[in-house]
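Good morning, colleagues. I would like to take a few minutes to go through one structure with you, which is now on the screen.

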Amino acid sequence: MFRSSVFDRCLEKATSQLLLEPDWDSMLQIVDAIRQNDVQPKIALAAIKKKIAVDNPHVSLYALQVLEIRADPVKGKILELIQTWSHAFRNEPSYKAVEDTFHLLKMEDAMFVSEKAPEWKDGETCTRCRVQFGMMQRKHHCRNCGEVFCGRCSSKNSIIPKFGIEREVRVCDSCFDKLNKPGAK
Ligand SMILES: O=P(O)(O)O[C@@H]1[C@H](O)[C@H](OP(=O)(O)O)[C@@H](O)[C@H](O)[C@H]1O
Ligand SMILES: [Zn+2]
Ligand SMILES: [Zn+2]
């Protein structure tokens, strides 16, 4: 899928051995891709884990920093991984960065807890109008409630700040109203 190749390209850039300092732009694009389900969290997790595991502390550090900017959906599991790493290499000076990043992430975790976007539910009919999905009636997902809808009932887009989604994504009609009516919570 094109969108996930954006994730792969940004991960390569963000963890390149040639970097002299973090490539925040690529890292932000990675986090957006994960948050907006452009790439499956578990695929992202595997790709980042692979980067952390390379035998180059700089690449590992940058891969860890990719998480520092809130790749929420995968963060819990990665924190465990980082904890293992920082314990395993506690006496290795070149891996000191791993330990520092772990503590940074733990601290930050305590500070910001943003809501997580819901898992997408599946179904053979539109949640709103009950039309049956098929070749000519494609299913779509609302990024706010995670329910499945036909194109007509989910034709609008919206940002969803509470999930950290700053780009317009597909939402169903009722979520669009909730997110965009004055005084929306
Ligand atoms: O186009 P299709 O081949 O039917 O595939 C659907 C699209 O990828 C939809 O993306 P969208 O919600 O962004 O439209 C997704 O929500 C559905 O689960 C998929 O079945
Ligand atoms: Zn519908
Ligand atoms: Zn919705």
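The side chains of K139 and E124 form a salt bridge, with an N to O distance of 3.6 Å. This pair joins distant parts of the chain: K139 and E124 are 15 residues apart, and each lies in the loop between α6 and β1. Please bear in mind that we are looking at a predicted model.

K139 also forms a salt bridge with D122, where the closest N and O atoms are 2.7 Å apart. Here the separation along the chain is 17 residues, D122 likewise belonging to the loop between α6 and β1. D122, E124 and K139 are thus linked in a network of salt bridges. As for accessibility, D122 is exposed because its relative accessibility is 59%, whereas E124, at 48%, is partly exposed. K139 counts as partly exposed too, at 32%.

In total, the model contains six salt bridges. Another of them pairs D173 with K156, at 3.8 Å between the closest N and O atoms. It connects helix α7, which holds D173, to strand β3, which holds K156. D173 is buried, with a relative accessible area of 12%, while K156 is partly exposed at 32%.

Let me turn to the metal site. Which residues donate to the zinc ion, ligand 3? They are C142, C145, C172 and C175, each through SG, at 2.2 to 2.3 Å. Their spacing in sequence is C-x2-C-x26-C-x2-C. C142 sits in the loop between β1 and β2, and C175 in helix α7, 33 residues apart. Both C142 and C175 are buried. The arrangement is tetrahedral because the four donor atoms subtend angles of 98 to 123 degrees around the zinc ion.

Technical notes: Residues are numbered from 1 along each chain as its sequence is written. Chains are lettered from A and ligands numbered from 1 in the order in which they are written. This is a predicted model: local features need pLDDT of at least 70, side-chain atom pairs count only at pLDDT 80 or more; totals for chains, interfaces and linings use all residues. Side-chain values use heavy atoms; hydrogens and water are left out. Donors are N, O and S atoms within 2.8 Å of the metal (3.2 Å for Na, K and Ca); water is not among the atoms, so sites may look incomplete. Four donors count as tetrahedral if all angles lie between 85 and 135 degrees; four count as square planar and six as octahedral if opposite donors are over 155 degrees apart and all others between 65 and 115; anything else is irregular. Helices (H or I, at least four residues) and strands (E, at least two) are DSSP runs, numbered from the N terminus. Buried means under 20% relative accessible area, exposed over 50%, partly exposed in between (1.4 Å probe, protein chains only). A salt bridge is a side-chain nitrogen of Lys or Arg within 4 Å of a carboxyl oxygen of Asp or Glu.
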